[in-house]
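Q: Could you take me slowly through one part of this model at a time, beginning with a single residue and then moving on to the parts around the chain? I would like each term explained when you use it.

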Amino acid sequence: MTRPRPAPPIPSDLVEALQSAERVVVMTGAGVSAESGVPTFRDALTGLWAKYDPRELGTPEAFARQPQLVWDWFAWRRELVEGVKPNAGHRALAELASRFPSFTLMTQNVDSLHQQAGSPEVLELHGSLSRVRCHACNRPAETFDSEERPPRCEACGGLLRPDVVWFGEGLPADVLERATQASSEADVFLSIGTSSVVYPAAALSEVAIRVGALLVEINPDPTPMTPLADYALAGPSGIILPALVATLDAA
Ligand code: BV8
Ligand code: ZN
């Protein structure tokens with residue numbers, strides 16, 4: 001078992017800025033679940049599903065063409081996330097929620113790990129693998145497994161699909177509205193574990209920057225957002241976030 005690398009020191013002026021922050025907004029992507037064993041999209045392109053590009057398979061067109069393949073890919077992902085646990089980064093974010101007068105956690109992830117870690121409220125910008133709905137009439141549905149794959153809607157006979165946002169589909173309007181509103185009022189915006197390439201989610205940090213929020217990025221690698229960040233903490237969120245909470249609590 002390799003010893004986890006110590007977290008890089010949290011800059012003292014960032015700690016001060018967080019201590020005086022009223023409204024903190026956090027955006028997470030697949031990177032925060034990487035240390036739980038959930039492949040990121042970039043890993044998925046090299047991993048088990050390398051022959052399928054998520055940007056190809058996660059679309060209404062792919063579902064129309066090959067509904068069973070798309071259903072099976074999401075069922076595989078659902079089983080995978082049902083078998084993993086939140087990591088220290090998810091738990092640190094759940095802790096952080098109580099440290100500020102206003103704290104908004106929005107995620108592009110569909111694995112429900114923030115909720116499992118105890119985050120009180122999570123804005124799921126791209127839906128959740130834990131829910132299914134009818135592709136024809138949009139009714140939420142219970143059945144996950146049935147002979148026929150995808151199962152059929154009891155109400156209209158349409159095909160069931162995962163309740164996630166596919167490429168080319170709009171985000172849930174109420175969720176996007178709340179996420180945009182929170183970003184437009186943020187004092188500090190933390191962008192954690194996301195390659196910041198998928199829109200409109202990636203535009204939310206730009207909304208925050210436009211109103212003068214401090215932008216903090218936590219990611220082992222640079223992203224298109226890195227040049228815009230006031231602080232780019234290079235490292236895994238499972239190490240950096242607990243260090244951030246500990247430093248805040250000790251200050
Ligand atoms: C839409 C759910 C129109 C399903 C996902 C301009 C404007 C608007 C749209 C577009 C536009 N240009 C192009 C578009 C279309 C498209 C888009 O943005 N395409 C990209 C590829 C260019 N956008 C859409 O289609 C959106 N819909 O615009 O529709 C519309 C509008 C109104 C009405 C009708 C239609 C819908 C996008 C949502 C797609 N669904 N997910 C599923 O899960 O399968 S997207 C999915 O990929 C994720 O949810 C996430 O959003 C995205 C990227 O993934 P990341 O989370 O960032 O993960 P990634 O692997 O890329 O990166 C991981 C990062 O973690 C890396 O940086 C890595 O360094 C880091 N990391 C690794 N380990 C760690 C770590 N970080 C910290 N700690 C570690 N240990
Ligand atoms: Zn239906």
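A: His 90 is buried, with a relative accessible area of 0%, where buried means under 20%, exposed over 50% and partly exposed in between, for a 1.4 Å probe and protein chains only. The model is a predicted one, in which local features need pLDDT of at least 70 and side-chain atom pairs count only at pLDDT 80 or more, while totals for chains, interfaces and linings use all residues. Residues are numbered from 1 along each chain as its sequence is written, chains are lettered from A and ligands numbered from 1 in the order in which they are written, and side-chain values use heavy atoms, with hydrogens and water left out.

His 90 belongs to helix α7, which covers residues 88-96; helices (H or I, at least four residues) and strands (E, at least two) are DSSP runs, numbered from the N terminus. Apart from neighbours within four places in sequence, His 90 is in contact with Val 32, Ser 33, Ser 36, Leu 113, His 114 and Ala 117, contact meaning heavy atoms within 4.5 Å.

Ala 173, by contrast, is exposed at a relative accessible area of 61%, and this residue is part of helix α9. Helix α9 (residues 173-184) packs against helix α10 (residues 203-210) at an angle of about 30°, and their axes are 7 Å apart; such axes are lines fitted to C-alpha atoms over the stretch in contact, with angles running from 0 to 180 degrees between N-to-C directions. On the α9 side the contact is made by Ala 179, Thr 180, Ser 183 and Ser 184, and on the α10 side by Leu 204, Val 207 and Ala 208.

A different kind of grouping appears at the zinc ion (ligand 2), whose protein donors are the SG atoms of Cys 134, Cys 137, Cys 153 and Cys 156, lying 2.2 to 2.3 Å from the ion. Donors are N, O and S atoms within 2.8 Å of the metal (3.2 Å for Na, K and Ca), and water is not among the atoms, so sites may look incomplete. The angles among the four donor atoms are 101 to 120°, and the site is tetrahedral, a word used for four donors if all angles lie between 85 and 135 degrees. Along the sequence the donor residues follow the spacing C-x2-C-x15-C-x2-C. Cys 137 lies in the loop between β4 (127-134) and β5 (140-141), and Cys 156 in the loop between β5 and β6 (160-164), so this pair ties together parts that are 19 residues apart in sequence. Both are partly exposed, Cys 137 with a relative accessible area of 27% and Cys 156 with 41%.

The backbone deserves a last look. Most residues other than glycine have a negative phi, and most peptide bonds are trans. Here the peptide bond from Arg 149 to Pro 150 is cis, with omega near 0°, and Pro 150 sits in the loop between β5 and β6. The bond from Tyr 199 to Pro 200 is cis, with omega near 0°, and Pro 200 is in the loop between β7 (188-192) and α10. The loop between β7 and α10 also holds Ser 196, a residue other than glycine whose phi is positive, near 50°, and which counts as buried at 6% relative accessibility.

Conventions. Tetrahedral: all angles 85-135°; square planar, octahedral: opposite > 155°, others 65-115°.
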